[in-house]
Amino acid sequence: MVSKSKLGVHSKKYHISKRTNQLSPSGIRKFFDLLASIEGVISLGVGEPDYATPWHIVESAIESLEKGQTMYTSNLGMPELRQELARYLQHHYDLQYDPNTELLITVGVSEALDLAMRAILDPGEEVIMPDPHYVAYDACVILAGGKAVTVPTYEEDSFELSAADVEACITDKTRAILIGYPANPTGAVMSREKIAEIAEVARHYGLLVISDEIYAKLVYGVEHTCVAALPDMKEHTILLGGFSKAYAMTGWRIGYAAAPKEIIAAMTKIHQYTMMCAPTMAQVAALEALRSGEESAAEMVEDYGRRRLVMVKGLCDIGLSCFEPKGAFYAFPSIKKTGMTSEEFAEALLKEEKVAVVPGSAFGDCGEGYVRCCYATSMADIEEALTRIKRFVSRHQRS
Amino acid sequence: MLNDILKILENDARTTPKQIAEMTGMSQAEVSRLIKQALKDRTILKYKAIVNWDQVEDEHVWALIEVKLTPQKDVGFDSVAERIYRFPQTRTVYLVSGTYDLFVLVVGKSNHEIADFVSQKLSHIEGVNETVTQFVLKRYKEDGEIVEGKEEVKRQPVIL
C-alpha cells in the first residue's frame, strides 16, 4: 500500500523550478477557497461580461464546425481574419499593419503577452509597469526570465502612469514599458496627453511599449488612445488586443498582437512551437465579430455605462470614495476608512454579507486599501450588493 | 435622453425614475417629467408583464390569421383594420406587404372560440376577402423573451 506521504502530498519530492516558485503564491487563494464554501454570494469579483456571446458570432462558429472547418490554420492565424483585423485597425486608428507579417492571432491577450515577453527579454532585463496592474503582467515577465519594475500610481492622479516616474526607473537593462489602459483593476483610462508623454520617453530611450488594449472598446464619455497610433510609435509598440471583453467572448480564448515584423516573426516562432495556432472555430467567431459585431458591442457598452454610474454613485454614497473610472468594467473604491486591509475587508464582507469583491492588494502594493468591484453584472445584483456593502460599512466604520 | 429612458423601460418597465436617474446621470425630476410626457403623448402605450400562460392552468389558444382585404373607397385599409382591431380577441394587428394584407394575432380560450370569431365576426366584415387561420402550437419566444429553457450560465465567481 502506498502511503500518503509517498504520493508527495506534503513532501518536497517534486522539484518545481525556481522560476515558477518566484511567482507570487497568490495570497488570494485562501479567499477563493472561502468563496467556494459559501452559498448565495453576489459576486462583484468577476472579470468578464455577464452577456453570452452575441448569437450571430456563436452561429458562425457552429456553422464552421458543421462544414468541417476543424483543422489547424496557418500559425499566424486565418488569412481572412488577419486581413479583417488589418482593416479594423486601419479604420479605427488609421494604423497600417501588413496582415502577412505584422499581425499574429493568439490564444487571448494572455498568450500574446507571454509571447511578447519571451520574444524580447534576455535574463535579467527589465520591464516597467504601473502598480497596481493586471496579475499576469509581472508573472509573464518573470517567466520570461526578466524583472518586473513597478511604478506606483495613485488615486489622486486617477491611477494614470506618470512619464517622469517611468523615466526615473529606466536603467541600461530596461527593455520595455508594459501598460494596459483602460485598466484592470482600476478602470483608469490614460488621457491622450499623458500617454503621449510615456510614448515620448519610450522613443527617447529606444524602449518598446507593450500596450494591452483588451478593454479598448469599453470607455465611457472619453476616447481610447491607441499607443501605436501616436506619431512615430508604431515601430516602438507591441499592440495587444482581443475579443473577450468587447464581444463577450472570454471563453473563446482569442486575441492578437500587432507589431513590427521582426517582433511578430520572433513571437510566431514561439507560438508555432507552443500553440501551433489559435483554435480554428474561435478564429471564425472572431472574424464574424470584426465583420458585424460592432452593433452588439456598442449595445453592451451602453449598458455597462449605465451600471457604471449606479455602481460609482452607490459606492460614493456609502462613503467609500471612488474616483471616476472611465473604462473597463471596474470600480476601485478606497476602503481605508474602515481601517481594514483589502484582504480583511474582502474576507469579512464575504463572510458577513455574502458579497465578493477582489482585494486591491492582489494587483500590487498600491492596490492596498482598495477593492475591485466589477459592474458587469445585473442591475438587480448591483443594487443588492450596494445595500449589503452599505450595511457592512456602517457596521465597521472606524469611529 | 428620452431614448435612453425608453430603452431602459422597454427592458424592465419596473425601473423607477430614481433608478433611471442613477443609470443615466439625469436628475430624477427630469426623468419623471419625460416619462409623464411620454405617457401623455402615447410614446409609452402601456406597462405590462410578459406572461407564460403555459405555467398556469388556464387554457389559451393562439392563432395567426392572414387576412386579405378589398380596399374601401376613400379610407383604404384603415377603416377595415379598425373594425378588426376593436375586437378584444385581437392582440396584434399589422398591415403587411406580401401575399396578404393584415396579420392578426388572436387569443381565445379554445379552438372553438377562435373558429367562431373567424367565421362569425371576421369573415363578415365588409372588405374582408379571405382569411387563413394558423393555430399556434408552441411559443418559443415572446416579445424578445425566450419562453422555456432559458438557462442561467454560471460564471466563475472571481476572476482576476
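**Exercise 1. Find what share of the 399 residues of chain A counts as buried.**

Step 1: take buried as under 20% relative accessible area, with a 1.4 Å probe and protein chains only. Step 2: apply this to chain A, and 58% of its 399 residues count as buried.

A word on the input: this is a predicted model, where local features need pLDDT of at least 70, side-chain atom pairs count only at pLDDT 80 or more, and totals for chains use all residues. Residues are numbered from 1 along each chain as its sequence is written, and chains are lettered from A.

**Exercise 2. Work out how the radius of gyration of chain A compares with the globule rule.**

Step 1: list the secondary structure, 13 helices and twelve strands (DSSP runs: H or I of at least four residues, E of at least two, numbered from the N terminus). Step 2: the globule rule is 2.2 Å times the number of residues to the power 0.38, and the radius is taken over C-alpha atoms. Step 3: the rule gives 21 Å for 399 residues and chain A has 22 Å, so it is as compact as a globular protein of that length.

**Exercise 3. Describe the surroundings of strand β5(A), residues 174-179.**

Step 1: check cover; five of the six residues of β5(A) are buried. Step 2: look for partners, where pairing needs at least two DSSP bridges. Strand β3(A), residues 126-131, runs parallel to β5(A) with three bridges, and Ile128(A) stands opposite Ile177(A). Strand β6(A), residues 208-212, is also parallel to β5(A), over four bridges; here Leu178(A) has Ile210(A) as its bridge partner.

Definitions and conventions
Side-chain values use heavy atoms; hydrogens and water are left out. Buried means under 20% relative accessible area, exposed over 50%, partly exposed in between (1.4 Å probe, protein chains only).
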